[in-house]
Amino acid sequence: QVQLVESGGGLVQAGGSLRLSCVLSGRVSSSYAMGWFRQVPGKERELVARISWNSNMDAVADSVKGRFTISRDNAKNTLYLQMNSLKPEDTAVYYCVADPVYRAWTSPAYWGQGTLVTVSS
């Protein structure tokens, strides 16, 4: 069984920064790709960022380009999302995901429970 546990969400003012973390555990391969989705109630979920198992490939959504950075530390089985210059429209529940294949997922294999990020104006 695979477990993904996010942390680091919270309330921040517009223009501020947060760093999300996600620890991967369980019966997993170290070669899993990982990423972050976000979802606002009533809207479609959005793939925010993804990264390959060895960090050789990564991508972020146009909506966060230049502000968000994805990274991982395989020695710690941890994924990060550094979020800078936050805007109120970044408010959402952020989900950590993992999948054996690096691609622009619609339904990755594994999901965390989500962490809420609220950006006040």
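This is a short tour of one structure, stop by stop, with a suggestion of what to select at each point. Keep in mind throughout that the model on your screen is a predicted one.

**First stop: the four-stranded sheet**

Begin by selecting strands β1, β3, β8 and β7, which in that order make up an open sheet of 4 strands with antiparallel pairing. At the two edges you will find β1 (2-7) and β7 (68-73), each of which pairs on one side only. If you look along the strands, you can follow how neighbours in this sheet are turned against each other, by 15° on average when the direction is ignored. As background, the strands of a sheet pair through backbone hydrogen bonds, and they do so either parallel or antiparallel.

Now keep only β3 (residues 18-26) and β8 (residues 78-83), which run antiparallel and are joined by 6 bridges. To see one position within this pairing, select Val 23, which stands opposite Thr 78 in β8.

**Second stop: strand β11 and its partners**

Next, select β11 (115-120) and show its side chains, which alternate along the strand. Thr 115, Val 117 and Val 119 point to one face and are buried, whereas Leu 116, Thr 118 and Ser 120 point to the other face and are not buried.

Add strand β2 (residues 10-13), which runs parallel to β11 and is joined to it by 4 bridges; here Leu 11 stands opposite Thr 118. Then add β9, which runs antiparallel to β11 and is joined to it by 3 bridges, and look for Ala 92, whose bridge partner in β11 is Val 117.

**Third stop: the nonpolar cores**

Which residues have the most contacts inside the largest nonpolar core? Select Met 34, Trp 36, Leu 81, Met 83 and Tyr 94, which hold that place in a core of 27 residues. The elements that give two or more residues to this core are β1, β3, β4, β5 (46-51), β7, β8, β9 and β11.

Stay with Met 34 for a moment and show what surrounds it: leaving aside residues up to four places away in sequence, Met 34 touches a set of residues that includes Leu 4, Cys 22, Ile 51, Ile 70, Leu 79 and Cys 96. A second, separate core has 5 residues, among them Ala 33, Phe 37, Val 97 and Trp 105.

**Fourth stop: the aromatic cluster**

Select Phe 37, Tyr 95 and Trp 111, which ring pairs link into a cluster. Phe 37 and Trp 111 form a tilted pair, with 4.9 Å from centre to centre and 40° between the planes. This pair links distant parts of the chain, since Phe 37 is in strand β4 (residues 33-39) and Trp 111 is in strand β10 (residues 110-111), 74 residues apart.

Is Phe 37 buried or exposed? Its relative accessibility is 3%, so Phe 37 counts as buried, while Trp 111, at 30%, counts as partly exposed. Turning to the other pair, the rings of Tyr 95 and Trp 111 have centres 5.9 Å apart and planes at 75°, so this pair is edge-to-face. Tyr 95 is in strand β9 (residues 92-99), 16 residues apart from Trp 111, and Tyr 95 is partly exposed, with a relative accessible area of 22%.

**Last stop: arginines over rings**

Finally, select Arg 45, which lies over the face of Phe 37 at 5.7 Å from the ring centre. Then move to Arg 50, whose charged end sits over the ring of Tyr 102, 4.7 Å from its centre.

Definitions and conventions. Residues are numbered from 1 along each chain as its sequence is written. This is a predicted model: local features need pLDDT of at least 70, side-chain atom pairs count only at pLDDT 80 or more; totals for chains, interfaces and linings use all residues. Side-chain values use heavy atoms; hydrogens and water are left out. Two strands pair if DSSP finds at least two bridges between them. Axes are lines fitted to C-alpha atoms, for helices over the stretch in contact, and angles run from 0 to 180 degrees between N-to-C directions. Rings of Phe, Tyr and Trp (its six-membered ring) pair if their centres lie within 6.5 Å; planes under 30 degrees apart count as stacked, over 60 as edge-to-face and the rest as tilted. Buried means under 20% relative accessible area, exposed over 50%, partly exposed in between (1.4 Å probe, protein chains only). A charge sits over a ring if NZ of Lys or CZ of Arg is within 6 Å of the ring centre and within 35 degrees of the ring normal. A nonpolar core is a set of buried Ala, Val, Leu, Ile, Met, Phe, Trp, Tyr and Cys residues joined through side-chain atoms within 4.5 Å. Contact means heavy atoms within 4.5 Å.
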